[in-house]
Amino acid sequence: IKHRFMRILLLLATTILFSVNVFGQKEAPFSEVKELPSQFFPGEARSVSVQLPKGYSADRKYPVIYTLDGQSLFPMVSDYVKHLGNETDEDGYDLGTNSIPASIVVGVHHTNRGEETEPNFEGVGYLPGPQKLYDFLTRELVPYVDSTYSTSGYDVIIGHSNTAQFVTNSILMEEVVFDGVIALSLVEGSNGFKGSLENRLKVMGERSYFLGYGFKDNEFN
């Protein structure tokens, strides 16, 4: 099962990156939009999109893929997850069915992306704006999704550029919430940031998976 979850990261990272660089955005499949109140953003509803897998059943447990930059990344991620997680062919055509576990996809939309995802280029941890977003995700959104849907407790988070650094920073928190992290077009941070990430990944071992991809390095790490 562990190796099958790893395929979530490998397949999504490669297919999404290819689409971002070559084809651009895809049309969003059917999804439900939720407006959630937040104590961390008082007076402001937070918009999230939720796509359930085909044949969703409360009798099964599903991994959850949290996608930041929901306006642009959610359509692609949810479309790929829909096809890669199908357990039967569609109209006799194999769309990579059953390549990854059927999963729930949650797209996080940003009200003020610049403020909410501002990278901390000088060190480790979140600036005030991103800290509020992190608190919303970990203390409100994840518990809401777990209490509303049938989830397995295996959570992946995806980000691009600014949000790639955001999701990478989540690994450096005292409590690591997400089991898998995909950081696309990861912006290079300080030496302290890179050193802290390397040390944390060594300590975590097989606890979680991290895939980072930066245009500068042009390689997966």
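Q: Over which residues, for which the model has 15 contacts beyond four places in sequence, does pLDDT stay under 50?
A: This is a predicted model, and the mean pLDDT of the protein is 78, with 71% of its residues at 70 or more. Another stretch, residues 20-29, has pLDDT below 50 and 20 contacts in the model beyond near neighbours in sequence. Where pLDDT is low, the predicted coordinates should not be read in detail. The stretch with 15 contacts beyond four places in sequence, over which pLDDT stays under 50, is residues 215-221.

Q: In what order do the helices and strands of the protein run from the N terminus on?
A: The secondary structure comes to 6 helices and 8 strands, and 52% of the 221 residues count as buried. Among contacts between residues at least 6 apart in sequence, 74% join residues at least 24 apart. From the N terminus on, the elements run α-β-β-β-α-β-α-α-β-α-β-α-β-β.

Q: Which element supplies the largest share of the largest nonpolar core?
A: In soluble globular proteins, nonpolar side chains tend to be buried together. Here the largest nonpolar core has 35 residues, and those with the most contacts inside it are Tyr66, Val106, Leu137, Leu141, Ile157 and Phe166. At least two residues of this core come from each of β2, β3, β4, α4, α5, β6 and α6. The largest share, 7 residues, comes from α4.

Q: Which residues does leucine 141 touch, not counting residues up to four places away in sequence?
A: Leu141 is one of the residues with the most contacts inside the largest nonpolar core. Apart from that core lies another, of 15 residues, among them Leu73, Leu84, Tyr154 and Ile182. Leaving aside residues up to four places away in sequence, leucine 141 touches Leu36, Val48, Tyr66, Val106, Val108 and Phe136.

Q: Which residue lies over the face of phenylalanine 41, at 4.1 Å from the ring centre?
A: Phenylalanine 41 and phenylalanine 136, both buried, form an edge-to-face aromatic pair with 6.4 Å from centre to centre and 85° between the planes. The pair links distant parts of the chain, 95 residues apart, with phenylalanine 41 in the loop between β1 and β2 and phenylalanine 136 in helix α4. The face of phenylalanine 136 has arginine 46 over it, at 5.7 Å from the ring centre. Over the face of phenylalanine 41, at 4.1 Å from the ring centre, lies arginine 46.

Q: Why does tyrosine 56 count as partly exposed?
A: Tyrosine 56 forms a stacked aromatic pair with tyrosine 62, at 5.2 Å centre to centre and 25° between the planes. Tyrosine 62 is buried because its relative accessible area is 1%, under the 20% cut-off for buried residues. Tyrosine 56 lies between that cut-off and the 50% above which a residue is exposed, and therefore counts as partly exposed, its relative accessibility being 27%.

Q: Is proline 130 buried or exposed?
A: Proline 130 lies in helix α4, and its C-alpha atom is separated by 4.5 Å from that of glutamate 116, 14 residues apart along the chain. Not counting residues up to four places away in sequence, proline 130 touches Glu115, Glu116, Thr117, Glu118 and Phe166. Because its relative accessible area is 1%, proline 130 is buried.

Methods:
Residues numbered from 1 in each chain as written. Predicted model: local features only at pLDDT ≥ 70, side-chain atom pairs only at ≥ 80, totals over all residues. Heavy atoms only, no water. Helix = DSSP H or I, 4+ residues; strand = E, 2+ residues; numbered from the N terminus. Buried < 20%, exposed > 50% of the residue type's maximum accessible area, 1.4 Å probe, protein only. Contact = heavy atoms within 4.5 Å. Phe/Tyr/Trp six-rings, centres within 6.5 Å; stacked < 30°, edge-to-face > 60°. Lys NZ or Arg CZ within 6 Å of the ring centre and 35° of its normal. Core = buried A, V, L, I, M, F, W, Y, C linked by side-chain atoms within 4.5 Å. pLDDT = per-residue confidence, 0-100.
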